[in-house]
Amino acid sequence: MSILSCLSSTLKARLFASQTAAKSSRFCRVSQLRASLPTHRSTLLAASRSFRTHAKQIRRPHSILIVNKLRTKPVVDAIQALLEYIRSKYPDVTIYHEDRPDIPEGVKMWRPGPGSDPIDLVVTLVLSFSMGTLGFLLPFHIDDFAKAIDSAFEGKAVVLHRMRLSCSFQDRDGESIGSKSEEWQVMNEVALHRGSSPHLNTIDVFVDGQHLTEAVSDGLIVATPTGSTAYSLSAGGPIVHPGLSAIVLTPICPRSLSFRPLVFPSSSSITLRIGDRSRASAGLSMDGQVSHVLSPGESVTVQASLYPIPCINRSSIADPDESRQGVGPGKEDDWVRDINNLLQYNATFRSKALLRHSRT
């Protein structure tokens, strides 16, 4: 399991205690720290919904964990500049790096686990820096890292919580595969697909235990509002504001033209069971990484996670003169701006031409 898979497990108790920024794993296991948290599901779901109206500022970090993708030269140079800046301006801060062979010089190695050192700020996805690629969760460009880091240390950054999904697996008899502590946490989507098989999958869909439909398709996607602009969008799913607590069910190339995407409340539990008439097993991927293969009769159950991911709002670090139309720092909706700038939402041929012209 990767460092990102373990990170959220170790920090889970600290997320609610200090509202610090943490790294969202692509997918991760729920650790034994679950026992130290409240277990009443409705209460915690209500708390997770409150993120859209109760953003909070983070306290001054005392430790930073750097998690990065493959260390190409641009990444190496960016990390070096970041380290030099933190060391010169915040010398009392302890800097950690994930346990990898290419760990930067002069930083401490961090390994996940119950006895691992506490982390206050993760620099990668939550306080995330874009290297120039498209990404709704990469709000800060690497050239602006100084302003972003300073805002976090000065307590100006506002944290918003994004919903995640919790996944568990069942065998043909409906018995759980693995223990309760082995549920998987997903940020964007769970995709059940035919993989390398040339045949369509037959998948029975259950919502809160009630049979919804038998889907004959290339697969099904269960997505969060954050994931609604990822794979689900490419498959024809709706764009859902991340302030909503909802679960999106999107078919992948269904045989029936009447099989349309659906949006369920976050209290729903969705079970996808590989039908006995399915001619092949189905691959299951979480946030783009293949993790399981389900045979006919086996199933995956997806529901809202009790542990949302805190993400720093880009507009919260904006200078007052950078706010638009009288909207103060921290109040502007990053999502509205992103669907226009990144997705060019509802852009006509004429508006796209004008946009290209304005960039020249």
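Is Asp218 buried or exposed? In this predicted model, Asp218 has a relative accessible area of 17% and is therefore buried, the cut-off for that class being under 20%. The residue belongs to strand β14, which covers residues 210–223, and its side chain takes part in a salt bridge with Arg194, in which the closest N and O atoms are 2.8 Å apart. Arg194 itself sits in the loop between β12 (189–193) and β13, so that the pair links distant parts of the chain, 24 residues apart; unlike the buried Asp218, Arg194 counts as partly exposed, because its relative accessibility is 26%.

Strand β14 also supplies a partner to another salt bridge, in which Glu214 pairs with Arg277 and the closest N and O atoms are 2.7 Å apart. Because Arg277 lies in the loop between β17 and β18 while Glu214 lies in strand β14, the pair ties together parts that are 63 residues apart in sequence. Here Arg277 is exposed, with a relative accessible area of 60%, whereas Glu214, at 34% relative accessibility, counts as partly exposed.

The loop that carries Arg277 follows a strand that deserves a closer look. Strand β17 comprises residues 269–274, and because five of its six residues are buried, the strand is largely enclosed by the rest of the structure. Which strands pair with β17? One of them is β13 (residues 201–207), which is joined to β17 by five bridges and runs antiparallel to it, with Asp204 standing opposite Arg273 of β17. Another is β20 (residues 299–304), which pairs with β17 in the antiparallel sense, again over five bridges, and in this pairing Leu272 stands opposite Val300 in β20.

Charged side chains come back into the account at this point. Side chains of opposite charge can pair when their charged atoms come close. A search of the whole structure finds eight salt bridges, and among them is the one between Arg172 and Asp276, whose closest N and O atoms are 3.2 Å apart. This pair links distant parts of the chain, since Arg172 is in the loop between β10 (165–170) and β11 (184–186) and Asp276 is in the loop between β17 and β18 (282–286), 104 residues apart. Arg172 and Asp276 are also members of a network that includes Asp204 and Arg273, the four residues being joined by salt bridges that share partners. Asp204 and Arg273 thus appear both as residues that stand opposite each other in the pairing with β17 and as members of this network.

Elsewhere in the chain, the contact to consider is between rings. A search of the whole structure finds one aromatic pair, formed by Tyr90 and Phe153, which are stacked at 3.9 Å centre to centre with 10 degrees between the planes. The pair counts as stacked because planes under 30 degrees apart are placed in that class. Tyr90 lies in the loop between α3 (73–89) and β4 (94–98), and Phe153 in helix α4 (residues 145–153), so that the pair links distant parts of the chain, 63 residues apart. Both rings belong to buried residues, Tyr90 having 7% relative accessibility and Phe153 a relative accessible area of 6%.

Glu154 is found in the loop between α4 and β9 (158–162), and because its relative accessibility is 48%, Glu154 counts as partly exposed. Glu154 and Arg60 are 94 residues apart in sequence, yet their C-alpha atoms are 6.5 Å apart in space.

Terms used:
Residues are numbered from 1 along each chain as its sequence is written. This is a predicted model: local features need pLDDT of at least 70, side-chain atom pairs count only at pLDDT 80 or more; totals for chains, interfaces and linings use all residues. Side-chain values use heavy atoms; hydrogens and water are left out. Rings of Phe, Tyr and Trp (its six-membered ring) pair if their centres lie within 6.5 Å; planes under 30 degrees apart count as stacked, over 60 as edge-to-face and the rest as tilted. Helices (H or I, at least four residues) and strands (E, at least two) are DSSP runs, numbered from the N terminus. Buried means under 20% relative accessible area, exposed over 50%, partly exposed in between (1.4 Å probe, protein chains only). Two strands pair if DSSP finds at least two bridges between them.
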